[in-house]
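Reader: Before we discuss this model, please tell me for each term what cut-off stands behind it.

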Amino acid sequence: MHLLEADPSGISKLMFIGTLGMLTLAVGIIVFVIFHQRKVIRYQMEMKKMENEKQQILLNASIRFQEEERQRIAADLHDDAGPLLATARLYLNENLVNQEKAQQLQSIISAKQIIDDAILLIRNISHSLMPPTLKNFGLESATTDLFQKINGSGVINASARFHDYRDRLKVEQELLVFRVVQELVNNVLKHSNAAFIHLTQNCSGNNLYLRIHHDGKGIVQSEFDKLNQATQGLGLKNIASRVNVLNGKIFFEIDPSQTYFKITLEIPKIPIV
Amino acid sequence: MCFYFIAFSKSYTNYILTLRLHVLFEYILITSFLYFSFINYKIKFLLISLLPIFIIYYIYDYFKNGNSTFGNIPTIIEFLIFILFIIIFFYESMQEDFQIVLYKKINFWLCVGFLFYTSGNFFYILLVEKFFNAQLSVKNQLILIYSIVTIIKNIIFSLSFLLKETPQITNNSISYAPDLDLEPTRTNTN
């Protein structure tokens, strides 16, 4: 007040200091906002880097899984189909024509039996690679079939319900989704000790949703993320990498009632042309 | 500016009236800009609610003081409102799960320009009437401060329009479809 009642030069000084103070304050606020944003961006860049590393782990896991799958098929063919066919060949050697008729017949029957076994074995290998129900009748039939088989074992109460699956997905997409479901169900059967497992399907907009409920020991999203970062264990990494290929999302959670676990899959639909 | 010069040439009353209209126009313009910049509806509502209150107060001030003053007190209130809302805008933008970096947004730099303008001219508007009878050299100093602040504001405005808003971060949340939960156990009411 003293300054305001003084001469104009005093007021001028006050105005100059006041303006400078206000401008400093404004600059301070702006600098704070910008630096805060830069800090947030740096943090997000680090997160992105971690995400890339995670992707790399998933890719490696996927490659390793493919190799293991090939080795398994090779082992199946070499150890099972190979000896079977070799045995059949032994029965059908050149000496067969010199043998008695009864012995010839016995050898042919044995060889036929072995060849039938080999056919069955190859069919099983082929089915494990591409389930015929999935190829011919689609995801709904293959999944329902899978759950019926599990239920039929009597170990666990399993059921699947598709609410809205009028339009089939692209074959490659269906196979990937089926593999994810298979892996999830396998995990539940192996680790959760659940009494029931239930799958529900629905659609919303351009997305397909699948949710698996089970009442066993499960995991939540944070545990899934943690296990995904770990170098050991292929199952969950395979799920994550397949979901990634599908451009989808997967979410693990526990029901608020704490009585059962939920695993939700969100997949953008690519219909068959 | 042309409007100002026409008013200058006519009379002092027109000059005061033009200044008052300028403040009113400025308030409505900046309020509209801030209204569309905010996301929070409560803040939007508060901002728009202040508009008629300010206009009524401004008209009241005009009828009370007439042409004796250009209305520096309402202008100071206007500046305080804008400084407050600009700070709220910065806070809201910092909280937001942003797709575009804040300092790459046109709105941010426009707000920076307004903040410079309001804070830089705050004391000038507050004390301007004390300088009516001051020497020419003091008046020139005032005009210099006002001009520098206004030029900085205009440079910030011009540069802000050169910015390209490019998205940076994508949202990764899962949206659930309805009807996926377990069917509730039906209880027999009969």
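Author: Two residues are in contact if their C-beta atoms, placed from the backbone, lie within 7 Å. By that rule, the contact takes 35 residues from chain A and 30 residues from chain B. This is a predicted model, in which local features need pLDDT of at least 70 and side-chain atom pairs count only at pLDDT 80 or more, while totals for chains, interfaces and linings use all residues. Residues are numbered from 1 along each chain as its sequence is written, and chains are lettered from A and ligands numbered from 1 in the order in which they are written.

Reader: Which element gives the most to the side of chain A that touches chain B?

Author: That is α2(A), with 20 residues; helices (H or I, at least four residues) and strands (E, at least two) are DSSP runs, numbered from the N terminus.

Reader: What makes residues of the side of chain A that touches chain B nonpolar, polar or charged?

Author: Ala, Val, Leu, Ile, Met, Phe, Trp, Tyr, Cys and Pro count as nonpolar, Asp, Glu, Lys and Arg as charged, and the others, Gly among them, as polar, so this side divides into 17 nonpolar, 15 polar and three charged residues.

Reader: How do you know which residues of chain A count as buried?

Author: A residue is buried if 20 or more other C-beta atoms lie within 10 Å of its own, and 22% of the 273 residues of chain A count as buried.

Note on methods. A residue is buried if 20 or more other C-beta atoms lie within 10 Å of its own, exposed if 12 or fewer, and partly exposed in between; C-beta atoms are placed from the backbone.
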